[in-house]
Amino acid sequence: MIVALLCAAALVVYLQDRSLRALDRQTSALVQKVAEQTVTSAAHEVRRIFDGPVFDTIASVNHPYLVDQRLDLVALQFARGLVAYPQVERFVVWTGSDVDARDADVLFFGDRSLTPERISTASDAAALFSRSATLGRHVLDAARIPGRSQKIYASTRVTVDEVPYEVFVRVLYTDAARQHFFAILGFVVNIDTLRTTLFPSLFERQLASLLEPRDGSPSFHLRVHDDRGAQVFGPAEAPVAHMAATTGVAMQFYPADDIRTRMAVGVQAPSWTLTVSPREAQASALLASTRRQSRWLSGASVALMLLALGFAVQGSRRATQLARMQAEFVAHVSHQLKTPVSLLSAASETLGLDRVRSPEKLSQFLGIVRVEVGHLSSLVERILEFSRVSDGGRRYEIEAVPLVVLVTETVETFARAVAPVGYRIEVEPTDARPIVAADPMALEQALVNLLDNAVKYSGDARDIQVRMRATASEAMVDVIDHGIGIAPGERANVFDRFYRGAGASLHRQGFGLGLALVRELLNGQHGSVEVLESEPGRGSTFRLRVPVLRAPSRRPGAWRLGSGWFGRRQGKAKEAL
């Protein structure tokens with residue numbers, strides 16, 4: 001085994017060099033994947049900014065503002081839009097009669113120095129706006145286009161003083177037929193300034209957090225190229241090609257998909273390209289870091305091989321022990337199934353041959369069948385219950401449970417069942433009245449299993465005591481018997497599945513599942529079970545621990561458990577309280 005481990009270590013060192021190359025490729029692919037996700041997020045953010053003015057700014061101007069000529073409120077919305085959307089050069093508003101519409105009456109709001117505070121204190125709201133007869137004429141021309149198709153939106157490209165603009169308008173009509181309009185809202189985008197001001201502003205406001213995260217993730221460069229391939233934003237050096245990601249963004253300044261059915265005419269928008277790539281120095285450092293980690297992991301793997309040898313030896317011993325316990329479990333199950341199956345077989349054969357003539361004998365044989373079927377059902381149910389609990393299939397319904405009531409009723413019921421064979425089970429009086437967080441049925445089942453265990457291994461001693469105690473955080477239930485006890489070397493294993501100690505030979509009906517089931521039931525309720533005291537020939541004390549609920553003074557409908565609140569359930573628990 002030592003030679004095999006040394007050969008394995010040499011193989012790890014040999015393969016390390018080859019794995020480093022693959023690791024570099026994987027690291028590059030991982031960084032590229034992050035770059036792809038980042039460029040997609042950046043494109044979505046840019047698209048959100050481009051789509052925003054239509055729904056966030058223009059739609060926020062209510063009709064009463066326009067009807068009442070509240071230009072101060074309109075200017076307030078426009079000022080907020082200029083702050084949020086850097087692609088907009090000016091917002092547009094016009095009110096009146098479309099028959100008497102004049103180019104000079106179109107108002108433009110594009111002063112970014114006008115804050116909401118200055119607008120609210122302005123004495124003349126009209127002074128907040130500017131006029132441009134030439135651009136106003138294009139706005140009115142664009143507003144007349146939707147009326148021909150009874151739609152409300154239009155977008156056109158125009159040139160004013162050799163400057164290209166995109167004009168977007170929304171028309172508000174006076175009639176349902178949409179033939180006459182009384183107001184126009186919109187915005188103007190300066191196409192020339194987009195190449196120099198748009199993406200620097202977007203990067204500073206929205207994109208920097210995506211490209212330069214502060215959580216230790218890789219940071220990226222953003223490069224933007226226009227529809228002619230010229231770079232308009234980003235560092236001049238070429239990106240790291242094998243780790244870069246690229247996507248296109250349509251330079252369309254309205255949500256075309258969302259308003260398509262209400263759009264009279266649109267523009268053919270060019271597509272710009274966004275490229276995201278890691279910073280070159282950071283990419284090199286990332287590759288070097290993965291190499292260091294690989295070498296460290298290779299050395300650690302050699303050490304772990306030796307550690308694994310020790311665990312393998314221990315695991316082999318545990319596997320052998322588990323196999324032995326499972327074999328004993330199968331033998332015990334077979335033994336316990338053999339008797340009822342034999343009796344059922346004999347009874348059914350006798351009844352089938354019609355050898356029973358008298359009603360008394362028939363009743364006797366049917367009683368045998370009923371009793372043995374009950375035994376079989378009980379055996380199968382115990383095995384299935386342990387399977388459900390240990391595999392996580394059982395669902396616990398935690399509620400506020402008065403512990404003294406539950407323990408007293410459970411013990412009284414169990415005591416009546418074993419009283420005919422001479423067992424006496426007493427609950428010691430207590431002044432504590434703890435309310436615990438538990439599944440009452442699961443807690444009752446765990447207590448019954450401990451009582452059943454105490455009866456099985458009591459020997460000649462027939463007295464069993466149940467004692468309860470409580471602290472501020474937990475309640476304890478002790479089950480005390482005076483039977484055969486547990487050897488010190490067996491206490492650590494008594495809660496393992498299939499484990500049967502030396503005293504188990506005195507009771508052949510055990511499966512080695514009872515205490516394991518108790519532990520699983522308590523763990524599922526945030527409780528625990530332990531062997532508090534045990535001495536061979538003098539008995540054992542098992543203790544159940546469950547968390548206590550404390551009722552607060554200012555929240556009558558809730559209980560406090562640790563640092564959290566626990567809502568009190570309705571039903572039996574509330575009636576018991």
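Which residues touch the most other members of the largest nonpolar core? Phe109 and Phe129 do, in a core of 86 residues. Before I go on, this is a predicted model, where local features need pLDDT of at least 70, side-chain atom pairs count only at pLDDT 80 or more, and totals for chains, interfaces and linings use all residues. Residues are numbered from 1 along each chain as its sequence is written, and side-chain values use heavy atoms, with hydrogens and water left out.

OK, the core. By nonpolar core I mean a set of buried Ala, Val, Leu, Ile, Met, Phe, Trp, Tyr and Cys residues joined through side-chain atoms within 4.5 Å. Buried is under 20% relative accessible area, exposed is over 50%, and partly exposed is in between, with a 1.4 Å probe and protein chains only. Helix α1, residues 2-57, supplies the largest share of this core, with nine residues. Helices here are DSSP runs of H or I with at least four residues, strands are runs of E with at least two, and both are numbered from the N terminus.

Now look at Phe129. Leaving aside residues up to four places away in sequence, Phe129 touches Leu71, Val74, Ala75, Phe78, Val93, Leu107, Phe108 and Phe109; contact is heavy atoms within 4.5 Å. There's also a second, separate core of 41 residues, and Val401, Phe414, Leu515 and Leu521 are among them. Leu515 and Leu521 take us to helix α11, residues 514-523, where seven of the 10 residues are buried. Besides those two, the buried ones are Ala516, Leu517, Val518, Glu520 and Leu522.

Next, rings. Rings of Phe, Tyr and Trp (its six-membered ring) pair if their centres lie within 6.5 Å; planes under 30 degrees apart are stacked, over 60 edge-to-face, and the rest tilted. That rule gives 12 aromatic pairs. Phe168 and Phe187 are stacked, at 5.2 Å centre to centre with 20° between the planes. Phe168 is in strand β5 and Phe187 in strand β6, residues 181-190, so to speak a link between distant parts of the chain, 19 residues apart. Both Phe168 and Phe187 are buried. Then Phe203 and Phe233 make a tilted pair, 5.7 Å between centres and 45° between planes. Here Phe203 comes from helix α6, residues 191-211, and Phe233 from strand β8, residues 231-233, 30 residues apart. Phe233 is buried too, at 16% relative accessible area. Ring pairs also join Phe78, Phe91, Phe109, Phe129, Tyr153, Phe168, Phe187 and Tyr254 into a cluster.

Two arginines sit over rings, meaning that CZ of Arg (or NZ, for Lys) is within 6 Å of the ring centre and within 35 degrees of the ring normal. Arg90 lies over the face of Phe108, 5.3 Å from the ring centre, and Arg462 does so over Tyr423 at 4.4 Å.

On to the strands, which I call paired if DSSP finds at least two bridges between them. What order do the strands take in the open sheet of four? The order is β8-β7-β11-β9, with antiparallel pairing. β8 and β9 (245-250) are at the edges with a single partner strand each, so one side of each has no neighbour in the sheet. On average, neighbouring strands are turned by 30° against each other, direction ignored. Inside that sheet, six bridges join β7, residues 220-225, to β11, residues 271-278, and His225 stands opposite Thr273. α6 lies across β7, β8 and β11, at about 40° to β11; axes are lines fitted to C-alpha atoms, for helices over the stretch in contact, and angles run from 0 to 180 degrees between N-to-C directions.

Elsewhere, β13 (424-427) pairs in parallel with β15 (463-470) over four bridges, and Ile425 has Ile464 as its bridge partner. β15 also runs antiparallel to β16 (474-481), with six bridges, among them Gln465 with Ile480. A hairpin of three residues connects β15 to β16.

Last, two backbone oddities. Most residues other than glycine have a negative phi. Gln69 has a positive one, near 60°, in the loop between α2 (63-67) and α3 (71-84). Asp161 is near 55°, in the loop between β4 (153-160) and β5 (163-173). Buried or exposed, which is Asp161? Exposed, at 70% relative accessibility, while Gln69 is partly exposed at 46%.
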